[in-house]
Each structure stands twice: as C-alpha cells, then as structure tokens.
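Please take a moment with the sequence and the model shown below before reading on. The paragraphs after it are meant for a reader who has not met this structure before.

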Amino acid sequence: MGVLLCSLVVLALVCQSHRSDSSLHRFKRYQEGPQSGPSDCTRGIQPPVVMANSHNFSLDVRMPGVSPTASDSYLCVAVPVPTSRDAYIVDFVPHASMDTAHHMLLYGCRTPVSTTGYWDCGSAQGTCEDDGAIMYAWARNAPPTKLPRDVGFKVGGKSKITYFVLQIHYGDISGFRDHHKDCSGLTLRMTSKPQPFIAGMYLMMSVDTIIPPGSRVTNADIACEYESYPMYPFAFRTHTHSLGQVVSGYRIRDGKWTLIGRQSPQLPQAFYAATQGVDVRYGDTIAARCVFTGEGRTSKTYIGGTSNDEMCNFYIMYYMDSKHADPFMDCMQDGSKELFRHIPSEANVPIPVSPDNMMTMMHSGHHATGHQDDRTLLEPKRAEEEMLDQGYHLEEVMDWPENPLQLGQVSGLALDSDNNLVIFQRGDHQWGVNSFDNQARYQQRSLGPIQQSTILVIDPVKGNVLKASGRNIFYLPHGITTDAHNNYWVTDVALHQVFKVGNNKPLVVLGEAFEPGSDKEHFCKPTDVAVDTMTGNVYISDGYCNARVLKFSPEGKYLSHWGAGSSDRRRRLPFRIPHSLAFLPDRRELCVADRENGRIQCFVAESGEFVKEIKKEEFGEEVFAIAYTPAHGGLIYAVNGESPYGRSAPLSGFVINYSSKEILDTYSPDSQEFKMPHDIVVNKDGAVFVGDAASDTVIKFTSEKAEHRSVKKGGIEVQEIEGKAAGSLNLGNFFATHKGYSRQGFDRLSTEGSDQEKDDEDATDSENEEYSAPPPPVPSSTS
C-alpha cells in the first residue's frame, strides 16, 4: 500500500476550493511573497505576467530558486490565476532540463496545500487540498506543446481552477552539490477570448504492476469503459522510467482496436500528435499497455515515486464541446487478459531509440526536440478531424484525363511536393516472356534504352502532362518514389539497378548494370523503393529473384537487410517477390507487399523487427502494391492481381484499417476492368490513382460523399507528411504510394542493378523534355 500511495501522490489530481478574496488580490499577495534573492537564478527571468495585447498574456510558473537536499524530492509551488475572468491556456512552454528535473507536472485547483513559498509535496501533504486536474506533464527534454486553434484549457472565472500548482520531481540531485538554485518551470500562454472547445486530460495509470528481475517482457495493461460526452484526442504522452520499452493507447469500439498513440518513453516525453479522426464516445473502451523489461535488475521493481521504481502512464490530451467539457478524467483499472488477447501486435514491439537520439536528448537541455527533422517529436499539429463512416466509397472519375495519355506499360506512380502525379512508364519497351533468360539476365539490350520520356509529371485535376524526363536512361522501369527534395528514386529490373535521379541525371546509382546478384553490391530485379523523408534512409525491395529488403543511407551506403517475418516462427515463410513498399512515418515502420504469398508484412524500419501480417481471403493469392496514410488511425491501400498458380480473387483496390486489419472499402473501375493494377497513390485532394500495367492506363478514383462529410472540430488545421506515402490529411485524403509488377502470363521475373550503359551523346540534359508518346506496341503473346 505504501508503494501505491506514493504513486498516487506523485500523480495526484488537483483542483481548488473557492476563496472569498479575488484572483487579483491573490496574485498580488503571491508577487509580494517570499522570493529568492537577487543573486540566484531568478535574475533575468521576466515578470510573472506579460501582456501581449488586451486579450493575450503569458504567465510564468517557476520554482522560486530552490535547492533540493535529497534525491527523489518532490517540490511544489502555487501560483494564482492572474484574472478573475475566464481565461484559456493555449500554449505550454517548458523551461527545464532532464539534467536537473526528472519530470514536471502542472495541476489546476482551488485550494493548494500552501500559497506561500514552496513545499515538500512528496509527503502526505500532496499538492492540493481538493481534487485536482493535471493540465500538463513534461520529462526528458520534451519540446513545447501548442494546442490546436479554438482549443484551450479553461481556468479562472467559473472553471473551479483558481491556482496553478507546479510539481517538480528532482531525481538525482548530485548537480546541486554546489547549492545552486533552480528556477525550472513553465510559461503559460493564455487568452481571454472564449474558446469553443475546451481541452482536458485523460490519465491512464497502472498502480500495481510488478516487474520480476531478469524478465524479458512484462506487460502493464489498463482499460476502462468511457462514460462521458464525446471527446476528441489530439495529443498523447507516454511515461515510464528506465525499464519502459513502448507504451500504446487505443480506443475499442465494437471489438475493433483503433490506435490513439504509440511511442517509446525513452524519447523526449512530449505530447505527440494523436491519430487523427479518432473520437471516444459513451460505451467505448479505452485501453493502454506498457511494455517493460526487467533485464539487468536483481530484485522486483514496483510502481512508485522514486527513480528506481517504475511508472506506467498514458496521457491523452483531448478537447470537448464547451457545453459538456470535463477538464480531467482518469483510468486506473487493470485490463482483463481476455480483452488484451486482441490487442494489435504493434503494442508488443519495442520502439528502438538510436544512440544519436539519446545523445541529442541528453545534451540539448530545455531546447531539446530530438532530431529536428523528426516530425513525431514536434508539437501536436492542428489537424482537421476526419470521420470515415460506412458510406465512404471510392468511385472512378469517368472524365479523367480530359485528353487521353499515350502511355506504355505503367509500372509506378508517385507524388511530387506540388501534389502532382508522377508516372513511371516503359514507352515502347515491354516485359514479355523473352525479356530474361533463366539466370535473370536481360536479353533485349540491343534495343537500347527507352527513347521516350519515362517519367511524366501530370496535372492531377485535368490529366495533362506538365513535365517529361527520363529519356535514354532506363530499359525496364519498375518502381518510383520521391524524396523530400523531389528527387526520384527508381528501380530498373533490366539493369538490376536503383537510381536517385535529379535534374534528369542519375545522382546515385546502386547495383551493377545488367549483372544480377544477391550480395550488398548487386540486386536481382529490384521492385520498389521507399524513402524515410525524416532521415533520408532508403529501403529497397529485392525482388523477383531475391527475397529481401535492403536499407541504405541517403548517399547510397549499405546499412542492413532482412527477410520475411512471422508471428509463428515454426511457419516462417520467406518472401515470394517482395514487390511493393510503404513507409509508415507516424509508426516508423515499413510494410511490404509480399506478392505471391498474398500478404502484407510490416517491420520496425530501424531494425527490421517483424511487427504484423495482414492476409485476407479477398486478396486471393497475390498482393501487388500497397500504400499507407496515417489518416483515421492508419489506413493501408492495396491492389491484388491474378495468380498464375491457383485461385484468383476479383481484381480490386482495398482500403484496410492498419490496427484492426479490417477491409473498409473495395473498389474497381466502371469504364474498364482492372487487368494488372500495378501501383497506387493518393494525393492531397483525396484523389486515388491506380496505374494498370496491362492496359497502359492510370485510373482516378474519388469519394465526393466523404469530402462533403468532413467535420471540422476546433478549427484544427491539416498536418502534412511529405513524400510518396503521405500528404495532408483531409477527409478521404488517404496516402498511397507503391508499386509492384503485375503478371499476366509472364515468366517469373528477376532483378539486379549496375552502372548504366548508354551513349552520353544521346542523353538529354534538360530537366523538362518534350513529351512524345510511344509508338504502337508490337503484337506479342504476352502483355
């Protein structure tokens, strides 16, 4: 019980009872109260209240120059809300370093334990005399948190919050041996303008988990039924101490698990952007799991308040309609084993934290944001709330393109940063039964490289060609994607090579031209490329002869590779043509369309560790291409194909819920039939494009109904994730981006790479070539 009490004290909830004196008198008394002397850290700190204009102001809530004398001290200070009218917190700006503070919590209440100076709040005194509300939490050099537009934490006035209480846990106090003073704390940016949506905090916490010494995995499961008005999560935060590997939170509705957020608690413990479009309503269940390891410990580890204890916390920052707002809710019930048998497997996979990330976090102080390019470490973005209901369905746009595109075999699709469609096509070259010998060597080199433009940039609205490039470079194009700088990463199955192309020139070439192989310097008919736009790392699926995924640096340095995974190691099946890749930026995962196994497999991108498999009867025996969008909790787009070996399912496109694996929509064109749907991409306007390699066409799909049903809550803006597999998340704007090669009577294909053999005098240096359509195809027994 002592451990439980300690844990509850650390995370006590705080609100305050009403006092007869006004807020302004309380604040004046606070300003005149005992403060630290002029020779300590208080020098240089701005006045507690700074007015920006008649509506907006900021309030500093800081420790008044404290010097803790014992490790694992909890110190608190109370600051009155500086107005008697309603006010709203819209930004939290921390001023602390993990070198000094283990964590900070900000409570709101009516009656703090003390209103003068600071006090030891790790004892029975706690933080507030009445129940309270946690409004903010910080640890491990987390960056600032900016609330969405039209959303704020309501304080003052009729809110029952007339004081702020700042609690700081000082873990290791060795840095205070010189008796220096600490003024860590927060700046609260506030407004008196009424906010239509009120923010609140939902805390999920395990109170009785025990981690056995040496245990490889211990799970702490928490679950509660939700019994209030609808809430809309927009940010989440995870918190454990050193043994925590990953913390995940979900909404469960009708037996379906939808991810709210998942993160490593060893990264900066910020409020990260929650899954967009997820609401929580009466009767839903909210569940969370913390995964711990007891390795390296020689005794049991309990939930408690010291640095050597553990915690399992999942915070949800949400908004509610102002009429029904509840500023704080919590859940401390253990989840049942039966319920958690169905938790998505991703919740059990630790998120690796690189040494570089740890070093950045350790030495960056209160300015730390992890890697500056890692969008998952930024403040929660303002995002339009999306509702995907049962009426959502993709339908073909019959009048697109306005003028027919003259294309050869369409092998790949991508998006550029201007939301334009990029098509990778084969001109007058075709992949047929005579293209390769039994050793996967290309047999039609005498044809030379494709003389037509192979890369076409297309207006997604009208379908006209905006730019053309890629003449006299490629022999049999396959996959294409774009990086953060609009360079093209492409594969060529005839050359057995992978190229980074910019300004119509190869900038990086991987593999040896026309030489298939299976070592680090060779490929065998590589199929697809995915680029992590945060790190620039490149993932290559290889391919028709090999059964692996390779990882390279942005400069083309080999880093690692891996093969297929399995939830059941006794039935580990190798890849059978890893054909298409999708990078999941919000999950830091890479998914693979394992074509002839008819399945989708997902892995931790950093390490290649297997996460999950999606295999559906509706796929038949072939999955050709996949793409991913973080919208609606994470959606995978896939297209299947005909199997030459056995049963084929109808050729369709699929929209799949990543967490539940449920197929949400199937679609196909009305004007024609899918023959070889080979790649798929979704642009920022919600238009879905499918490239068909057999009919030499690109087909456009939209869902007008879905766009009209888009509901905007709190004025939340759009979050964009750059790259082929992501875009701004409007309703129906799901992001897709992957390519694969579809077969219709073709022999098994292979892939490798090499330096390009071409006549430099014939190469085109212009970034924008004059587009010319390929000549009519020569009749062939294969398509």
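What follows is a walk through the interior, a strand with its neighbours, and several charged side chains.

The model is predicted, and a convenient place to begin is with its nonpolar interior. The largest nonpolar core has 93 residues, and the residues with the most contacts inside this core are Ile89, Val155, Phe164, Leu188, Met190, Tyr202 and Met231. Apart from it lies another core, of 24 residues, and among the members of this other core are Val490, Val493, Tyr544 and Ile577.

From the cores we can turn to strand β39, which spans residues 589-594. How many of its six residues are buried? Six of the six are buried, so that the strand is mostly covered, as a residue counts as buried when its relative accessible area is under 20%. In a regular strand the side chains alternate between the two faces of the sheet. In β39 both faces are covered, with Glu589, Cys591 and Ala593 buried on one side, and Leu590, Val592 and Asp594 buried on the other.

Strand β39 has a partner in strand β38 (residues 578-584), and the two run antiparallel, joined by six bridges. Within this pairing, Ser580 stands opposite Ala593 of β39. The two strands form a hairpin with four residues between them, and in this hairpin Arg588 takes a positive phi near 60°.

Strand β39 also pairs with β40, again in the antiparallel sense and over six bridges. Here Glu589 is the residue that stands opposite Val604 in β40. These strands, too, form a hairpin with four residues between them, and Gly598, which lies in the turn, has a positive phi of about 60°.

The charged side chains of this region come next. Side chains of opposite charge can pair when their charged atoms come close. Arg599 and Asp594 meet through their side chains in a salt bridge, with a distance of 2.7 Å from N to O. Is this pair buried or exposed? Arg599 is buried, with a relative accessible area of 4%, and Asp594 is likewise buried, with a relative accessible area of 0%.

Arg599 has a further salt bridge with Glu613, in which the closest N and O atoms are 3.4 Å apart. This pair links distant parts of the chain, since Glu613 lies in strand β41 (residues 610-614) and Arg599 in strand β40 (residues 599-604), 14 residues apart. Glu613 counts as partly exposed, at 24% relative accessibility, whereas Arg599 is buried.

Elsewhere, salt bridges that share partners join Arg251, Arg253, Asp279, Arg281 and Asp284 into one network. One of the salt bridges is formed by Arg281 with Asp279, the closest N and O atoms lying 2.4 Å apart. Of these two residues, Arg281 counts as partly exposed, at 31% relative accessibility, while Asp279 is buried, with a relative accessible area of 5%. Over the model, the count comes to 22 salt bridges.

A last stop is Lys146, which is found in strand β10 (residues 145-146) and counts as partly exposed, at 28% relative accessibility. The side chain of Lys146 is joined to that of Asp91 by a polar contact of 3.4 Å. Lys146 and Arg189 are 43 residues apart along the chain, and their C-alpha atoms are separated by 9.3 Å.

Technical notes: Residues numbered from 1 in each chain as written. Predicted model: local features only at pLDDT ≥ 70, side-chain atom pairs only at ≥ 80, totals over all residues. Heavy atoms only, no water. Core = buried A, V, L, I, M, F, W, Y, C linked by side-chain atoms within 4.5 Å. Buried < 20%, exposed > 50% of the residue type's maximum accessible area, 1.4 Å probe, protein only. Salt bridge = Lys/Arg side-chain N within 4 Å of Asp/Glu carboxyl O. Polar contact = N/O pair within 3.5 Å; in protein donor to acceptor, adjacent residues only side chain to side chain. Pairing = 2+ DSSP bridges.
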